[in-house]
Structures are given as C-alpha cells and as structure tokens.
Amino acid sequence: PHRAAGQRMQKTAAQDELWRIDGAVAAVLTANQALFELLGQLEIRPQALLGHSTGEYTAFQASGILELRDESRYGQYVAELDEVYQRISAKGDVPKVQLVAVGLDSENLRDVVHQIDAELYIAMDNCPNQVVVVGIEPEIEKATKELSRHGLIYQILPFDRPYHTPLFKAYADDLRPFFERWLLQPARLQVYSCTTGKPFSNDLEEIRRTATEHWVRPVQFRQTIEKMYEDGVRIFVEVGPKGNLTAFAHDILRDREHVAVASNVAARSGITQLNHTIGMLAAHGVPMRLDYLYARRNPIRLSFDLQAGGRGKERGDTGAMTLNLEVPRLQLRWEGSS
C-alpha cells in the first residue's frame, strides 16, 4: 500500500509539472521532435508546416529556421527558454488568469462576450466548435455564468498564464533577445504562422518579430488551416501527442476533401497508432520507406498468393476459405386466443 501511494504521488507531481509552462513547453517540444524524427526516419517528408502555440517552436526546427544539430544544443535551447520563463515569473510581471475552452465559434462567442461587463480575450480560435477565452478569475466567473445562461458547453483549463493575449507582453518582450540568438536563417520549407494566418516571411527580422508577437496575439488556427487548404494542402498529419489538432482540422474542413491523421492518440498504443497513420498515408500515395520500422524486429514476409505456398495451407487445408453468409432464420409463432 505504501509503495502504491508513493507511485500515485509521483504520478500526480509529474502531471502537475506538465501543466506548468516550463514543464509543459519542454514536454511538448520533446514529444513533437521525437515523433517528427521518427517520421523522418520513415522518409515521410512534409511539404508545408504549421505549429499551434508552443508547437510553433517545433515548426521552426522542422523548417530549418531553428538549427539544433545535436542533443546537447537541443538541451541548451530548452534550458535557455526555461530561463526566460523563470526570470519573468520571478519578477511577477505576468498576471495569473484562467483559460476557458468554449464550444462555440469565435463570431458567436464575441456576441456573448459583448453582453458581459468583463475584460476578456479570445486567445485561441481553434475550430468552429472550440474557442479559448482568457481573463482574471473574477472576469472568468462572470463569463461562465453568462455561458451557462446561454446553455453553452465550456471547460476551465488547467493553466494560469495569459497565453496569446496582451497580458503576456512581459514574457514576449523577454523572448526577443532569445529569438535573435536562436532564429538564424529563413525557412527551407514553407511554414505557416498561426499569428498571421499565412506563411512566414523570408525576412529574418520579420520572422523574429512574428515569433515574438505570437505570445501576445491570438492563435488563428482555424483561419490558418483554411489558408493552407486554399493553397492546395489536402493531407494534414499531426506530429505531436494526443491528436487534438486533428480533431480541430476535421471540424474546420468538414465535408471538404481532405485527410487529417494524428501520429499519436491517447486511446491507442504508440506503435498501433503509428501503423494506423502509416497505413492511411500509404493509401493516399504519400511516399515513404519503412525499413526503419522493422530494423529491430523479425518480420515474416507474407504471401497473398495461395498458389505460391502462402500461409493458407498451414493447417492442411486446400487453401480455400469458406465464408458463411447465411442469415439466421427468424421463426414466428402465432399465439392467438382460442
């Protein structure tokens, strides 16, 4: 019992750490980069990139704007990013807030917000059925009462920093020197910005300015996916944990011709979901090379040609398969009165 209690406490402490900005950023970047490198080993290459919130850092790395040649440099990069947060946190220049995810599109949500005498910010326009609102606790309390009055679904998120609002200006300002040290060249691949809703400029100063503004301006994920679709993108692969962005992409594009797939989801093991992702991409003609997937395994090559000695004869049968298509018989009995 004591060991189980200790394990539960360790798990709770680890989960709490993930919700803090420094722990969350390191965890998200590491998971994103691991999955991106794995898909790279399978030679699944993107033609365009997009990062959502913290994911923009991974998009910088994947596009070549940010050059991290080895684990040592990657560790230095994450440590410096954490230092920026710790420095601002120690000054107390960033207010504590609450974030609320609301099941409504941004246009209708603005109409609801206008009815409230509260200082609120739309921080993330994720899709037609999710917008994230930010405000200090008393203002959020007013907002949730109004949302409840309208019968709207909402969820208070486990974050307390004013991401993607003007309230985060002190943090963003401190990031500017950081970006000047680390963002050193234009992108080699086209990378879109959720801050502007369009591709990044090739001008390095403009890239740094947009990266800094990213934390004080709302995430326009819905608008940016629309722009990518307008530019011809039809296959969207989420390279990161959980699969939330895949759900957002489906909600944005609805019945329009597209494919959106997550490389990792909570409901399946990592290898199972990877196989789902590979299978879906292969079915849509995405180039890949799967040698790496089997490098440390002992796969058995299957033959689908039964005449060539396939696996259909292992049990002494003729190689033919009988499929029973008979529908169960339904019997009716008359129970009329005598």
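Which residue has its charged end over the ring of Tyr229? Select Tyr229 and look at what sits on the ring: the charged end of Arg234 is there, 3.7 Å from the centre. Keep Tyr229 on screen and add Arg256, which also lies over the face of Tyr229, at 5.3 Å from the ring centre. One thing to keep in mind as you click around: this is a predicted model.

**Stop two: helix H10**

Now select residues 244-253, which make up helix H10. Colour its buried residues: Thr246, Phe248, Ala249, Asp251, Ile252 and Leu253. There's an Asp in that list, so give Asp251 its own colour if you like. What do these buried residues pack against? Show strand S3 (121-127) and strand S4 (130-135), then H9, then strand S8 (235-238) and strand S9 (259-262), and you have the partners.

Zoom in on Phe248 and bring up Phe221. These two form an edge-to-face aromatic pair, 6.1 Å centre to centre with 65° between the planes. The pair links distant parts of the chain, since Phe221 sits in helix H9 (residues 221-230) and Phe248 in helix H10, 27 residues apart. Are these rings buried or exposed? Phe221 is buried at 4% relative accessible area, and Phe248 is buried too, at 10%.

Before you leave, step just past the end of H10 to Arg254 and check the backbone: phi is positive here, about 50°.

**Stop three: the aromatic cluster**

The structure holds 15 aromatic pairs. Start with Phe159 and Tyr163: the ring centres are 5.9 Å apart and the planes stand at 85°, so this pair is edge-to-face. Turn on the surface and the two partners part ways: Phe159 is partly exposed at 24% relative accessibility, whereas Tyr163 is buried at 8%.

Then widen the selection. Ring pairs join Phe159 and Tyr163 with Tyr57, Tyr77, Phe168, Tyr171, Phe178, Phe179, Trp182 and Trp215 in a cluster. Showing these as sticks with everything else as a thin ribbon lets you follow the pairs from ring to ring.

**Stop four: salt bridges**

How many salt bridges does a search of the whole structure find? It turns up 21. Here are a few to visit.

Select Glu67 and Arg188, whose side chains meet in a salt bridge of 3.5 Å, N to O. Follow the chain away from each end and you'll see that the pair links distant parts: Glu67 is in the loop between helix H3 (55-63) and helix H4 (71-91), while Arg188 is in the loop between helix H7 (169-182) and strand S6 (190-193), 121 residues apart. On the surface view, Glu67 is partly exposed, with a relative accessible area of 32%, and Arg188 is exposed at 57%.

Next, select Asp160 and Lys96. Their side chains meet at 3.7 Å, N to O, in another salt bridge. Asp160 lies in the loop between strand S5 (154-157) and H7, and Lys96 in the loop between H4 and strand S2 (98-102), so the bridge ties together parts that are 64 residues apart in sequence. Asp160 is partly exposed at 32%, and Lys96 is exposed at 51%.

Stay on Asp160 and add Arg161. The side chains of Arg161 and Asp160 form a salt bridge as well, at 4.0 Å, N to O. Arg161 is buried, with a relative accessible area of 7%.

For something beyond simple pairs, pick Arg176, Glu180, Glu205 and Arg208 together: salt bridges link these four into a network.

**Stop five: Glu107 and Thr58**

Glu107 is in helix H5 (residues 106-114). It is partly exposed, at 43% relative accessible area. Which side chain does Glu107 join in a polar contact of 3.3 Å? That partner is Ser106. You can also draw a distance from Glu107 to Asp125: the C-alpha atoms are separated by 9.9 Å, with the residues 18 apart along the chain.

Last, go to Thr58 in helix H3. Thr58 is buried, with a relative accessible area of 10%. Leaving aside residues up to four places away in sequence, what does Thr58 touch? Select Leu29, Asn32 and Gln33 to see its contacts.

Note on methods. Residues numbered from 1 in each chain as written. Predicted model: local features only at pLDDT ≥ 70, side-chain atom pairs only at ≥ 80, totals over all residues. Heavy atoms only, no water. Helix = DSSP H or I, 4+ residues; strand = E, 2+ residues; numbered from the N terminus. Buried < 20%, exposed > 50% of the residue type's maximum accessible area, 1.4 Å probe, protein only. Phe/Tyr/Trp six-rings, centres within 6.5 Å; stacked < 30°, edge-to-face > 60°. Lys NZ or Arg CZ within 6 Å of the ring centre and 35° of its normal. Polar contact = N/O pair within 3.5 Å; in protein donor to acceptor, adjacent residues only side chain to side chain. Contact = heavy atoms within 4.5 Å.
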